[in-house]
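Here are a few short exercises to work through with the model open in your viewer. Try each task before reading its solution.

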Amino acid sequence: MNPSLSLSYWRDVLLTSLAPAIWGSTYIVTTQLLPPDRPFTAALLRVLPAGILILLFTRRLPAYRDAGRLLILSALNIGFFQALLFIAAYRLPGGLAAVLGAIQPLLVIMLSWAVDRRTPEKITLWAALIGVFGMAILLLSPHTIFEPVGIAAALLGAGCMATGVWLTRRWQINLPVMALTGWQLVLGGMMLAPAAWLIDAPLPTLTASQYAAYTYLSFAGAFVAYGLWFRGITRLPGVAVASLGLLSPLTAVLLGWLILSQVISGTAFAGFAIVLVSVLVVQRTSSRTP
C-alpha cells in the first residue's frame, strides 16, 4: 500500500470511528435524560427529523430498481436496529448491552465467508474474538442483571446492524452517501412510527434538558453519525467497519466514568486495552484487503 493510499485509509477509519463513538453516548443520554420506557418514540425522534432534513438538502431520488434493496437496508440499519437499541438501553445495564453488540464483527466475517466465499485472515478472526473477550472482561460482572427481553433485543440488534453493514457494501446502491443516509433514516423512521404511536405511552411535557437530549440524539446520533457510518461502509472493508462498532461501548464506559463517577477496576482497564488492540489489528489487516 502506497503512503497516500495508507493515509487516505486511516483518515476514513478515523472519520468512521466517530459514528460509534457518538452512539456510545446513547446509553447515558437515554437513562439520565429521556422520559422512561419509550424506546420506539426515542428511536423515531432520533432518525426521522434528521432524515427529512437531509432529503431537503440532497433532493435525490433512488432508482426504481433499488427500491426493494433500499427498504431492506432501511429496516436493518435504522428501523429494526434503532428500536432494538433503545429497548436494550432501557432494559439492560449499558455494559451487558454493549458486550452483546460486540459480536457484530464476527457476524460480518461469517456472512462474508458463508455467502461471498471470502476466507478471513486468521489474524482478523482472532482479533475479532479477542475483542469480544476484552469487552466481556471490561463490562461483565457477577452483579450483571440478565433481563431476557433486553438480551434478545441486544442480540437481534447486533445481527441487524451486521447484516446491514454487509448488504450495504455488497449492493452498492447508486446514491450519494448523504442521500442514501437520508432515505434510510426517513424510511426507517416511517417503520418506527406505528410502534411509537401504538405501543409507547404519550410523551409528557418535556423539560429543556429533554428537548436538548432528543435534539442531540437526532442531530449528532443520526444526521452526523449515520452520514459518517455509511460513508465508511462505502470506503472500508465490512469487517473493518463492524469492528469500529466496539468503540461504542468503550465510549459508554468512559462517559460513565467521567460523568457518573462509575468505578473502573484494574481488570476493566486490561479489557479496555484488549479491545483497543483488537480494533487496531482488524484495521491493520483490513487495510491490506482489496
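**Exercise 1. Find the residue that follows helix 3 and give the sign of its phi.**

Solution. Step to the end of helix 3 in this predicted model, and the next residue is R59. Its phi is positive, near 50°.

**Exercise 2. Check whether the length of helix 3 agrees with its residue count.**

Solution. Start with the count: helix 3 covers residues 39-58, which makes 20 residues. At 1.5 Å a residue, the expected span is 28 Å. Now take the end C-alpha atoms, which sit 29 Å apart, so the two values agree.

**Exercise 3. Work out which residues of helix 3 are buried, then look at T41.**

Solution. The buried set is P39, F40, T41, A42, A43, L44, R46, V47, A50, G51, I54 and L55. Zoom in on T41, which lies in helix 3. Its relative accessibility is 10%, and the cut-off for buried is under 20%, so T41 counts as buried. Setting aside neighbours within four places in sequence, T41 is in contact with A196, D200 and L203.

**Exercise 4. Locate D37 and Q172, and say how exposed each one is.**

Solution. Take D37 to begin with. D37 is in the loop between helix 2 (26-33) and helix 3, and its phi is positive at about 60° although it is not a glycine. With a relative accessible area of 59%, over the 50% cut-off, D37 is exposed.

Next comes Q172, in the loop between helix 8 (148-171) and helix 9 (177-198). Q172 isn't a glycine either, and its phi is near 50°, again a positive value. Its relative accessible area is 46%, which makes Q172 partly exposed.

**Exercise 5. Map the largest nonpolar core and say which residues touch the most other members.**

Solution. The core has 74 residues, and W23, L34, M161, L185, Y226 and W229 touch the most other members. Helix 4 (residues 67-91) gives the most to this core, with 12 residues. Another core lies apart from it, with six residues, among them V108, V239, A242 and V282. Now pick L34: beyond neighbours within four places in sequence, its contacts include V29, A42, F86, Y90 and Y214.

**Exercise 6. Decide where confidence is lowest and where it is highest.**

Solution. Begin with the whole protein chain: mean pLDDT is 82, and 83% of residues reach 70 or more. Then go by element: helix 5 (residues 94-101) is lowest, at a mean of 59, while helix 9 is highest, at 95. Where pLDDT is low, the predicted coordinates shouldn't be read in detail.

Definitions and conventions: Residues are numbered from 1 along each chain as its sequence is written. This is a predicted model: local features need pLDDT of at least 70, side-chain atom pairs count only at pLDDT 80 or more; totals for chains, interfaces and linings use all residues. Side-chain values use heavy atoms; hydrogens and water are left out. Helices (H or I, at least four residues) and strands (E, at least two) are DSSP runs, numbered from the N terminus. The expected span of a helix is 1.5 Å times one less than its number of residues. Buried means under 20% relative accessible area, exposed over 50%, partly exposed in between (1.4 Å probe, protein chains only). A nonpolar core is a set of buried Ala, Val, Leu, Ile, Met, Phe, Trp, Tyr and Cys residues joined through side-chain atoms within 4.5 Å. Contact means heavy atoms within 4.5 Å. pLDDT is the predictor's confidence in each residue, from 0 to 100.
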